[in-house]
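Reader: Could you take me on a close look at the aromatic pairs in this protein, and then show me what surrounds them in the rest of the chain? I work at the bench, so plain words are welcome.

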Amino acid sequence: MASKRGKQTVRDMILSMLVITAVAGVVYIFIPHDDKADPIKAVDYRVELATARRAAPYPVAAPDGLAKGWKPTSVSYEGRNGAGWHLGFLDPDDRYVAVEQSTTPARKYVPQVSRDAEDTGRTREVSGRAWEVWEGPKYDALVLHAEGVTTVVTGSAPSDRLAEMAAALKTDPAATASEEPAAS
């Protein structure tokens, strides 16, 4: 009798699994889903930008006039520990570019935000300013030193895209306050 009972239990378990699989299949087929939808949503960074510009001990940089196709994906400002400003984007080819600023000493800050990029000793002229060129295993970076602040444009995008972002950076609140953040 125990043998018969064991076979019934296994049979019941298999039948239950078939019913659950059939229900899950029906749900998947009839519940609408968009496989082509972009899982990364654009963020509106205007409020955080205005807040950072009021609070930061340096002129906070944000892009003004980027070409269509750039998508802002992340933003943060941390007033303590170096007053760090972060603004992340995907370029038109879906590669990452970030604007990072801080009062933390550059020798510590740049490798941290650029994922261990190192100074090449070269510079690149962008909008009349000499940016240091840093290269790394994951991210490359353009680095600009100003009084009391280091600005880093870094990411997985090619150097021309980093330069495009660096050229678009403005620290004037009037220049970017009314601008709609770029979104695709």
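Author: What follows starts with the aromatic rings and then moves outward to the rest of the chain. Please keep in mind that this is a predicted model.

Happily, there is a good deal to see in the rings. The structure has three aromatic pairs. One of them is made by W70 and F89, whose ring centres are 6.3 Å apart with 75° between the planes, an edge-to-face arrangement. W70 sits in the loop between β1 (62–63) and β2 (71–78), while F89 belongs to strand β3 (residues 84–90), so this pair ties together parts of the chain that are 19 residues apart in sequence. How buried are the two partners? W70 has a relative accessible area of 0%, which makes it buried, and F89 is likewise buried with a value of 0%.

Another pair brings together Y96 and Y139. Their ring centres are 5.9 Å apart and their planes meet at 35°, so this pair counts as tilted. Y96 is part of strand β4 (residues 96–102), and Y139 is in the loop between β6 (129–135) and β7 (140–146), so to speak a link between distant parts of the chain, 43 residues apart. With a relative accessible area of 11%, Y139 is buried. Ring pairs also join Y45, W70 and F89 into a cluster.Now let us stay with the loop that holds Y139. K138 is also found in the loop between β6 and β7. Is K138 buried or exposed? At 56% relative accessibility, K138 is exposed. Setting aside neighbours within four places in sequence, K138 is in contact with R115, G155 and S156. The C-alpha atoms of K138 and T154 lie 9.9 Å apart, with their positions 16 residues apart in sequence.

Strand β3, the home of F89, has another residue to visit. G84 lies in this strand. Beyond its neighbours within four places in sequence, G84 is in contact with Y58, S76, Y77, E78, Q101 and S102. From G84 to T104, the C-alpha distance is 8.1 Å, for two residues that are 20 apart along the chain.

Y77 comes up again with T51. The C-alpha atoms of T51 and Y77 are 8.4 Å apart, although the two residues are 26 positions apart along the chain. T51 is in helix α2 (residues 46–55), and with a relative accessible area of 36% it is partly exposed.

The loops on either side of β3 each hold a residue with a backbone angle to look at. A83 lies in the loop between β2 and β3. Its phi is near 45°, a positive value in a residue other than glycine. A83 counts as buried, at 5% relative accessibility. In the loop between β3 and β4 you will find D94. D94 is not a glycine either, and its phi is positive at about 65°. D94 is exposed, with a relative accessible area of 55%.

Next, the largest pocket. How much space does it hold? The space in the largest pocket is about 300 Å³. It is lined by 16 residues, and the closest to its centre are A61, R129, L144, T151 and T171. Two or more lining residues come from each of β6, β7, β8 (149–155), α4 (159–168) and β9 (169–170). Two of these elements, β6 and β7, also flank the loop that carries Y139.

Let us step back to the chain as a whole. Its secondary structure consists of five helices and nine strands. In sequence order, the pattern reads α-α-β-β-β-β-α-β-β-β-β-α-β-α. The chain has 184 residues, of which 35% count as buried. Its accessible surface is about 11,200 Å², with 56% of that belonging to carbon and sulfur atoms. Among contacts with a separation of 6 or more, 51% are between residues 24 or more positions apart.

One last stop is the stretch at residues 12–31. The UniProt annotation, from an unreviewed entry, marks these residues as "transmembrane region". In the model, the span is 95% helix and 0% strand, and its end C-alpha atoms are 28 Å apart.

To return to your request, a good place to begin on screen is W70 and F89, both at 0% relative accessible area. From there you can move to the tilted pair of Y96 and Y139, and then to exposed K138.

Notes
Residues are numbered from 1 along each chain as its sequence is written. This is a predicted model: local features need pLDDT of at least 70, side-chain atom pairs count only at pLDDT 80 or more; totals for chains, interfaces and linings use all residues. Side-chain values use heavy atoms; hydrogens and water are left out. UniProt positions are given in the numbering used here, feature names are shortened, and annotations may be inferred rather than shown by experiment. Helices (H or I, at least four residues) and strands (E, at least two) are DSSP runs, numbered from the N terminus. Rings of Phe, Tyr and Trp (its six-membered ring) pair if their centres lie within 6.5 Å; planes under 30 degrees apart count as stacked, over 60 as edge-to-face and the rest as tilted. Buried means under 20% relative accessible area, exposed over 50%, partly exposed in between (1.4 Å probe, protein chains only). Contact means heavy atoms within 4.5 Å. Accessible areas come from the Shrake-Rupley method with a 1.4 Å probe; for residues, only the protein chains shown count as cover. On a 1 Å grid over the protein atoms alone, a cavity is a set of points where a 1.4 Å probe fits but cannot get out, and a pocket is an open set with protein on both sides within 12 Å along at least five of seven lines; lining residues have an atom within 4 Å of a point. Grid points are joined across faces, edges and corners, and a volume is the space filled by probe spheres set on the points.
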